[in-house]
Amino acid sequence: MNAKPRGRQFFNNPGPTNIPDRVLRAMDRPVIDFMSDEFMAIHHACHNGVKRVLKTDQNLFMYTSTGHGAWEAALANLFSPGETVLMVETGYFSESWTEMANHLDIKVETIPADQRQGADISRIAERLAADKEHKIKAVLTVHNETATGMVLPLAEVRRAIDEAKHPALLLSDTISSLASMEYKMDAWGIDLTVGGSQKGLMLPTGMSMTGVSNKALEVSRKSKTPRHYWSWEMMTGRAPQKFVGTAPVHMFFGLQESLKMLEEEGLDAVFARHARLADATRAAVRVWGSDGKGPQLFCQNEDRLSNSVTAVVMPEGVSSDPMRKAAVDRFNLSLGGGLGKMMGKMFRIGHMGDLNEPMLLGCLATTELAMKASGVPFVPGGVDAAIKSLSA
Ligand code: PLP
């Protein structure tokens, strides 16, 4: 008989993430009418709370959908078939958003990048400067590429657009950076932000949020892409909840609690905690691969390391699958795998959301155990390095 491992599963996937007990308890209550005053008040508080997290005073739309839904909403509301956008290559998620745009008949030009170094921002400026007729309608970015563990400096992207004196909108996916890493929608001049519930917001999967600048809202009035459920115009015209269909009241019960937790800790402290845990994770990985034969950090650009997820490349010829299987089946630790062409070649340690030092150290120690159990070559001592980093 296969007994389930005892104790709580250590969950270090880069999304979904741990749902705090406080959030689970807040959701454990009877349903209420989504047209009631009680729900209106909860919705209003959450709406304002999410805007504070995005750091925007502009518009916000929330969908009962995953991040993919909000991606599609962004494309359908802003662009007409045949229009051109510029996608900055980051990895699996910039490629997936590109594929979706292609399916909507939007032309996508890509700024190619070495995915271990990150895109060269000057290439965005050069491309926009050459676009004298302003055919490019927007620059699309993934702020934190969850597949590679790398961040894109969005303020620099905005500067590149401004220096080229180009009217393109700046769109950003903050799905795996929202409420984990600094994000300043208005100050960085972002016209559209896509976020999801299941990462830094510590909620179940199923709700997405879209911050929209006034400029982008104006542009959306001209889009000829057919839309209904995703239509911002439809949503604006609805009752205060702005949902096309039934509002997901239990997600709001959870969201209200998670926003309360974020505000009690303070967003800056939340970001500092993520940075501390990320530093410790990287310290461990650097030791594991210090002889050049063990696993290595995928990101080779020190300035772009993600604080919410660390992507670790396996040694040449060693699959990450047996190690991840040992971790989850024998030791009850769930780690992320590689995506797309990195499947089997990488594992990813999610360190975002509801996480603290003992949880991270448990994860790192168990990763060492799983590597040992599955014959992955590595230099021991990663956990010691993580402890040193956390106690510095
Ligand atoms: N963008 C990024 C950066 C992601 O990490 C993910 C999911 O992990 C998505 C988009 C897609 O979001 P969803 O799975 O909620 O549709």
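**Exercise 1. Strand β5 and its neighbours**

Which residue is the bridge partner of V142 in β8? Work this out in the predicted model, and then describe how β5 is paired and how far it is enclosed.

*Solution.* Begin with the pair itself: the bridge partner that V142 has in β8 is D173. Next, consider the two strands as wholes, for β5 and β8 run parallel and are joined by five bridges. Then turn to strand β3 (residues 84-88), which also runs parallel to β5 and is joined to it by three bridges; here L86 stands opposite V139 of β5. Finally, look at burial: six of the seven residues of β5 are buried, so this strand is largely enclosed by the rest of the structure.

**Exercise 2. A threonine inside β5**

Decide whether T141 is buried or exposed, and find the polar partner of its side chain.

*Solution.* First place the residue, since T141 belongs to strand β5, which covers residues 136-142. The relative accessible area of T141 is 0%, and because a residue counts as buried under 20%, T141 is buried. Now search around its side chain, where a polar atom lies 2.8 Å from the backbone oxygen of L171. Among the residues that T141 touches, leaving aside those up to four places away in sequence, are V88, W97, L154, L170 and D173.

**Exercise 3. The surroundings of the ligand**

Describe which residues surround the ligand, and find which polar atoms of G67, H68 and D173 lie by its oxygen and nitrogen atoms.

*Solution.* Start with the shell, whose members include T66, W71, F93, V142, N144 and K199. Sorted by class, this shell holds four nonpolar, six polar and two charged residues. Its largest share, three residues, comes from helix α3 (residues 67-78). Continue with the atom pairs: an oxygen atom of the ligand lies 2.8 Å from a backbone N or O atom of G67, while an N or O atom in the side chain of H68 is 2.6 Å from an oxygen atom of the ligand. For D173, an N or O atom of the side chain is 2.6 Å from a nitrogen atom of the ligand. To finish, compare areas: the ligand taken alone exposes 390 Å², and the protein buries 89% of that.

**Exercise 4. The edges of an open sheet**

Explain why one side of β1 and one side of β11 are left without a neighbour in the sheet of five strands.

*Solution.* Write down the order of the strands in this open sheet, which is β1-β13-β14-β12-β11, with mixed pairing. The strands β1 (10-12) and β11 (296-297) stand at the edges and have a single partner strand each, so one side of each is left without a neighbour in the sheet. For β1, three bridges lead to strand β13 (residues 333-337), and the two run parallel. Within this pairing, F11 stands opposite S334 of β13.

**Exercise 5. Backbone features in loops**

Locate the cis peptide bond at P16 and the positive phi angles of K55 and A179.

*Solution.* The bond from G15 to P16 is cis, with omega near 0°, and P16 sits in the loop between β1 and α1 (21-27). Although K55 is not a glycine, its phi is positive, at about 55°; K55 is found in the loop between α2 (37-54) and β2 (59-63). The phi of A179, also not a glycine, is positive at about 65°, and A179 lies in the loop between β8 (169-173) and β9 (192-196). As a last step, examine accessibility: K55 is partly exposed, with a relative accessible area of 32%, whereas A179 is buried, with 3%.

Definitions and conventions:
Residues numbered from 1 in each chain as written. Predicted model: local features only at pLDDT ≥ 70, side-chain atom pairs only at ≥ 80, totals over all residues. Heavy atoms only, no water. Near = heavy atom within 4 Å. Polar contact = N/O pair within 3.5 Å; in protein donor to acceptor, adjacent residues only side chain to side chain. Areas by Shrake-Rupley, 256 points an atom, 1.4 Å probe, with all protein chains shown as cover. Helix = DSSP H or I, 4+ residues; strand = E, 2+ residues; numbered from the N terminus. Nonpolar A, V, L, I, M, F, W, Y, C, P; charged D, E, K, R; others polar. Buried < 20%, exposed > 50% of the residue type's maximum accessible area, 1.4 Å probe, protein only. Contact = heavy atoms within 4.5 Å. Pairing = 2+ DSSP bridges.
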